[in-house]
Structure formats: C-alpha cells, structure tokens
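This report introduces a structure to a reader who has not met it before. Please look at the sequence and the model before reading on.

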Amino acid sequence: NYPNPFNSVTRIPYELPVAGRVEVTVFDMLGREVVRLVDEVKGRGRWESAWNGTDSAGRRVGSGIYFYRLQAGASSLQGRMLLLQ
C-alpha cells in the first residue's frame, strides 16, 4: 500500500491475471475486521482500493497498525499499514 505510513488515505493496488472474485479486507491488531473494501467479481487487469481510516460504519479509527488481506481466487496477500492521526 502507499503511502505507508499514511494520514488521510492509503491505496492498495493489485493486478488480476484472470477475472474472479476479489476481497480486500482491513483488520486491526487483534484480527478483528475493521472494514471490507472490496467484495465482488473483478475483471482481468489493474485495480486499486483506497482506505481512508474509517470502519464499516464510517467512524474514524485510531492511530496504529492495521493489516489488509487481498484474496483473489486461490491467492492471498497480506500487508501492514500504519495510520497516523
């Protein structure tokens, strides 16, 4: 993701070699789901998701380390993000 650390928004770019179901989910340090950014079928190509530091109810979350998980078909990728407010 970039930028990292971030203050207002971070972007998670990814590329799909084939069309398929994609999930991009943000978790807190305890492994609790904060927000699901993507949960849909996407076509082949380059995509990007953005996270603005809010939870699924639209509330700002606190500064700290968060994790994202990108799942596309049988592939999964995880990354760490640092939110500074």
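Is Trp51 buried or exposed, and which is Tyr66? Trp51 is buried, and Tyr66 is buried as well, where buried means under 20% relative accessible area, exposed over 50% and partly exposed in between, with a 1.4 Å probe and protein chains only.

## Basis of the model

The model is predicted, so that local features need pLDDT of at least 70 and side-chain atom pairs count only at pLDDT 80 or more, while totals for chains, interfaces and linings use all residues. Residues are numbered from 1 along each chain as its sequence is written, and side-chain values use heavy atoms, with hydrogens and water left out.

## The nonpolar core

The largest nonpolar core (buried Ala, Val, Leu, Ile, Met, Phe, Trp, Tyr and Cys residues joined through side-chain atoms within 4.5 Å) has 17 residues, and those with the most contacts inside it are Trp51, Tyr66 and Met81. At least two residues of this core come from each of strands S1 (10-16), S2 (20-27), S3 (33-42), S5 (64-72) and S6 (75-83), strands being DSSP runs of E with at least two residues, numbered from the N terminus.

## Aromatic pairs

Two aromatic pairs are counted, the rule being that ring centres of Phe, Tyr and Trp (its six-membered ring) lie within 6.5 Å, with planes under 30 degrees apart stacked, over 60 edge-to-face and the rest tilted. Trp51 and Tyr66 form an edge-to-face pair, at 5.3 Å centre to centre and 65 degrees between the planes. This pair links distant parts of the chain, with Trp51 in strand S4 (residues 45-51) and Tyr66 in strand S5, 15 residues apart. Ring pairs join Phe6, Trp51 and Tyr66 into a cluster.

Terms used
Helices (H or I, at least four residues) and strands (E, at least two) are DSSP runs, numbered from the N terminus.
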